[in-house]
Amino acid sequence: MPGRNPTPVTPATDTRTLTDTALDLAAHGMHVFPLKPGSKVPALMADWEGRATTDPARIQRCWSAGAFNIGIACGPSGLLVVDLDTPKPETKPPAAPFDQEGVNDGMDALAVVCIANAEPFPFDTLTVTTGRGGTHLYFTQPEGQALRNSAGRLGWLIDTRGVGGYVVAPGSTVDGNPYTLTFDTVPAVLPCWLARLLAAPKSPPRPARMAHTAARSSSGYGAAVLRGELAKLTSARAGTRNDTLNAVAFTLGTHVARGTLTRALAEAALTQVAERWGTDVSKSLGTIERSLSDGERKAGTR
């Protein structure tokens with residue numbers, strides 16, 4: 001699980017695979033418990049959080065009894081999971097500031113929140129695609145905090161699961177739809193600005209409505225494009241970084257021109273990488289500005 005290559009996980013349908021997945025999660029500090037097969041519902045409703053465990057012997061005994069789905073108890077695991085949902089038929093249309101072109105799901109809504117708070121989209125963490133096509137972003141709880149569940153506090157179709165909550169683990173299947181691991185890395189610490197919004201005693205103030213061109217946030221497809229391009233920068237070796245940055249920024253510029261994602265989001269994500277590299281940052285920032293613009297122009301001439 002965390003720390004390996006960013007490859008999808010095949011959904012488990014047999015006890016051996018589910019047992020191995022549960023053991024793997026537990027080995028990385030995630031407290032697991034059984035869910036009913038093919039369901040999100042705890043197999044034992046009473047005290048599922050207290051029963052969640054990392055004990056290999058208990059996990060072996062439990063999953064040898066049946067092909068249970070896997071639940072991860074967020075509180076004991078020290079996790080805060082941001083749940084970016086997709087709309088259901090009965091979902092109400094978004095209110096301001098999310099009632100704008102390009103905001104179709106929780107991923108888009110979080111992009112709006114990021115832009116309004118001048119923060120990069122928090123892609124660089126353990127990521128799971130849910131059975132309905134939503135996204136779970138796994139974070140560790142900030143030091144000294146124990147954030148609980150929230151529903152819509154951050155925005156339209158954005159919930160969180162913390163103390164007192166759980167998520168369906170990758171490898172599980174709900175109503176025939178798999179939960180898959182789509183970006184495999186160690187969960188990052190929850191960004192301070194998100195922790196601040198979630199810990200505020202009152203609902204956070206709504207961001208000011210942005211101009212139409214700035215408001216177009218990334219779609220789910222745009223999010224996948226951005227994550228894939230950023231992965232190229234993560235693996236770039238010293239000596240090749242500026243060339244890689246040039247190519248990635250150009251590609252993202254073409255997507256900005258097509259409306260796949262906003263320039264503000266692309267710039268913020270690339271700048272974060274450049275600052276993390278920490279060498280010749282001014283040169284990297286110049287490359288980002290120039291190559292994004294070149295990509296936009298190139299796409300605009302087609």
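Colleague: In this predicted model, what distance separates the end C-alpha atoms of helix H9, and what span should its 18 residues have?

Modeller: Helix H9 covers residues 241-258, and the expectation rests on 1.5 Å a residue. The 18 residues should therefore span 26 Å, and the end C-alpha atoms agree with this, being separated by 26 Å.

Colleague: Is Asn 242 buried, partly exposed or exposed?

Modeller: Asn 242 is found in helix H9. Buried would require under 20% relative accessible area and exposed over 50%. The value for Asn 242 is 25%, so this residue is partly exposed.

Colleague: Which residues does Asn 242 touch, not counting those up to four places away in sequence?

Modeller: Asp 280 is 38 residues from Asn 242 along the chain, and the C-alpha atoms of the two are separated by 9.8 Å. Beyond four places in sequence, the residues that Asn 242 touches are Lys 283, Ser 284 and Thr 287.

Colleague: Which residue follows H9, and what is its phi?

Modeller: The buried residues of H9 include Leu 252, Gly 253, Thr 254, His 255 and Val 256. After the helix comes Gly 259, with a positive phi near 85°.

Colleague: What is the strand order of the open sheet of 3 strands?

Modeller: The pairing in this sheet is antiparallel. Strand E1 (32-35) and strand E8 (166-168) each pair on one side only, which makes them the edge strands. From one strand to the next the twist averages 35°. The order is E1-E2-E8.

Colleague: Which residue of E2 is the bridge partner of Pro 34?

Modeller: E1 pairs with strand E2 (residues 69-73) in the antiparallel sense, over 4 bridges. Within E2, the bridge partner of Pro 34 is Ile 70.

Colleague: What angle does the direction of helix H3 make with that of E1?

Modeller: Helix H1 (residues 15-27) packs on the sheet, where it touches E1 and E2, and its direction makes about 15° with that of E2. Helix H3 (residues 56-63) also packs on the sheet and touches E1 and E2. The direction of H3 makes an angle with that of E1 of about 10°.

Colleague: Which element of the protein has the lowest mean pLDDT?

Modeller: The protein averages a pLDDT of 85, and 88% of the residues score at least 70. Over residues 202-218, however, pLDDT stays under 50. Where pLDDT is low, the predicted coordinates should not be read in detail. Strand E3 (residues 79-84) has the highest mean, 98, whereas the lowest, 33, belongs to helix H7 (residues 212-215).

Terms used: Residues numbered from 1 in each chain as written. Predicted model: local features only at pLDDT ≥ 70, side-chain atom pairs only at ≥ 80, totals over all residues. Heavy atoms only, no water. Helix = DSSP H or I, 4+ residues; strand = E, 2+ residues; numbered from the N terminus. Expected span 1.5 Å × (residues − 1). Buried < 20%, exposed > 50% of the residue type's maximum accessible area, 1.4 Å probe, protein only. pLDDT = per-residue confidence, 0-100. Contact = heavy atoms within 4.5 Å. Pairing = 2+ DSSP bridges. Axes fitted to C-alpha atoms, helices over the stretch in contact; angles between N-to-C directions.
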